[in-house]
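Colleague: I should be grateful for a close look at one part of this structure, the setting of its charged side chains. Please write for a reader who has not seen it before.

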Amino acid sequence: KIGKELKAQYKYPKSDLEYFRDIPDEKNATPAKAMYLYEFSKNSSKMKNHISRIFSATILNLALKGFIALEFTEDKEIKILRTNKTLRAELSQDEEVVLDLIKDAMLGNDYISIPEFNAYATREYDTVFSKMELLESSAEQGCVSAGVFSEERKFLSGKWQKKASACSLGIFLGYAGIFIGLITPIVGFAMVYYNALRNSEYVSHLSPKGNEEQNQWRGLKNY
């Protein structure tokens with residue numbers, strides 16, 4: 001009964017937006033935020049599967065904003081150059097992560113080629129990887145600031161996930177009880193676990209605004 005009520009009240013209906021040809025929230029959008037929201041499902045995102053693509057797209061975004069420049073070398077390689085633009089007020093946290101990483105890789109020089117950057121990333125793998133991991137938390141924070149998540153929904157979903165966790169402990173204890181001759185309601189725990197987990201999935205963490213923007217990004221890909 002509770003599951004039906006949650007589904008009716010909180011589960012978003014399937015979007016009828018098949019195509020969308022504008023960039024959602026273009027003023028504040030970044031590649032990391034876009035992918036975080038595009039890949040968001042229920043209560044988490046799988047954007048980490050696309051970190052290299054996000055990184056490349058962010059480099060292009062930084063070039064468009066004038067914080068770096070791109071040019072071809074005589075050998076047809078791409079060079080990333082420093083620029084004089086230093087005021088970072090218009091950059092989001094995830095863009096700053098990429099810009100700092102590029103400037104670290106330059107080692108005080110005015111430019112770095114893509115092969116040189118690849119060599120740096122291989123040599124300083126631990127440092128580069130730890131900074132790349134910041135892209136996800138930075139994108140999440142940007143989405144929080146943009147109001148695409150609902151605290152009410154997050155709390156309600158989390159409550160049902162905790163109930164499911166408690167039931168999984170009950171299932172474990174029930175099985176342990178079998179070996180010492182106790183009769184335990186394992187099936188009951190299993191049913192409650194299943195329904196509690198399903199109830200949590202009805203309540204996406206996305207706010208109505210976030211759900212709409214996610215559908216727009218998916219429609220943009222279709223377009």
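Modeller: Lys42 counts as partly exposed because its relative accessibility is 35%, a class that runs between buried (under 20% relative accessible area) and exposed (over 50%), with a 1.4 Å probe and protein chains only. The model is predicted: local features need pLDDT of at least 70 and side-chain atom pairs pLDDT 80 or more, while totals for chains, interfaces and linings use all residues. Residues are numbered from 1 along each chain as its sequence is written, and side-chain values use heavy atoms, leaving out hydrogens and water.

Lys42 sits in the loop between strand E1 (40-41) and strand E2 (44-45); helices (H or I, at least four residues) and strands (E, at least two) are DSSP runs, numbered from the N terminus. The backbone of Lys42 has a positive phi of about 60°, although the residue is not a glycine. Lys42 also joins Lys7, Lys11 and Arg198 in forming a positive surface patch. Patch members have over 30% relative accessible area (Shrake-Rupley, 1.4 Å probe) and no salt bridge; like charges are joined within 9 Å, nonpolar side chains within 5 Å. Lys and Arg count as positive, with the charge placed at NZ of Lys or CZ of Arg.

A positive phi is also found at Asp25, where the angle is near 45° in a residue other than glycine. Asp25 belongs to the loop between helix H1 (2-10) and helix H2 (31-38). With a relative accessibility of 32%, Asp25 counts as partly exposed.

Which charged side chains pair with one another? A search of the whole structure finds 7 salt bridges, each being a side-chain nitrogen of Lys or Arg within 4 Å of a carboxyl oxygen of Asp or Glu. Among the pairs is that of Asp100 with Arg88, at 2.8 Å from N to O. This pair links distant parts of the chain: Asp100 lies in helix H4, whereas Arg88 lies in the loop between strand E4 (78-82) and H4, 12 residues apart. Arg88 also forms a salt bridge with Glu96, with the closest N and O atoms 3.3 Å apart. Together, Arg88, Glu96 and Asp100 are linked in a network of salt bridges.

The members of this network can be placed by their accessibility. Arg88 is partly exposed, with a relative accessible area of 25%. Glu96 is partly exposed at 27%, and Asp100 is partly exposed at 32%.

Another salt bridge joins the side chains of Lys79 and Glu71, at 3.4 Å from N to O. Is Lys79 buried or partly exposed? Lys79 counts as buried, because its relative accessibility is 16%. Its partner Glu71 counts as partly exposed, at 36%.

Helix H4 (residues 93-106) also contains Ile102. Ile102 is classed as buried because its relative accessible area is 0%. Leaving aside neighbours within four places in sequence, Ile102 is in contact (heavy atoms within 4.5 Å) with Ile59, Ile68, Ile80 and Phe117. The C-alpha atoms of Ile102 and Ile112 are separated by 8.3 Å, and these two residues are 10 residues apart along the chain. Helix H4 thus offers two settings to view together: Asp100, partly exposed at 32% relative accessibility, and Ile102, buried at 0%.
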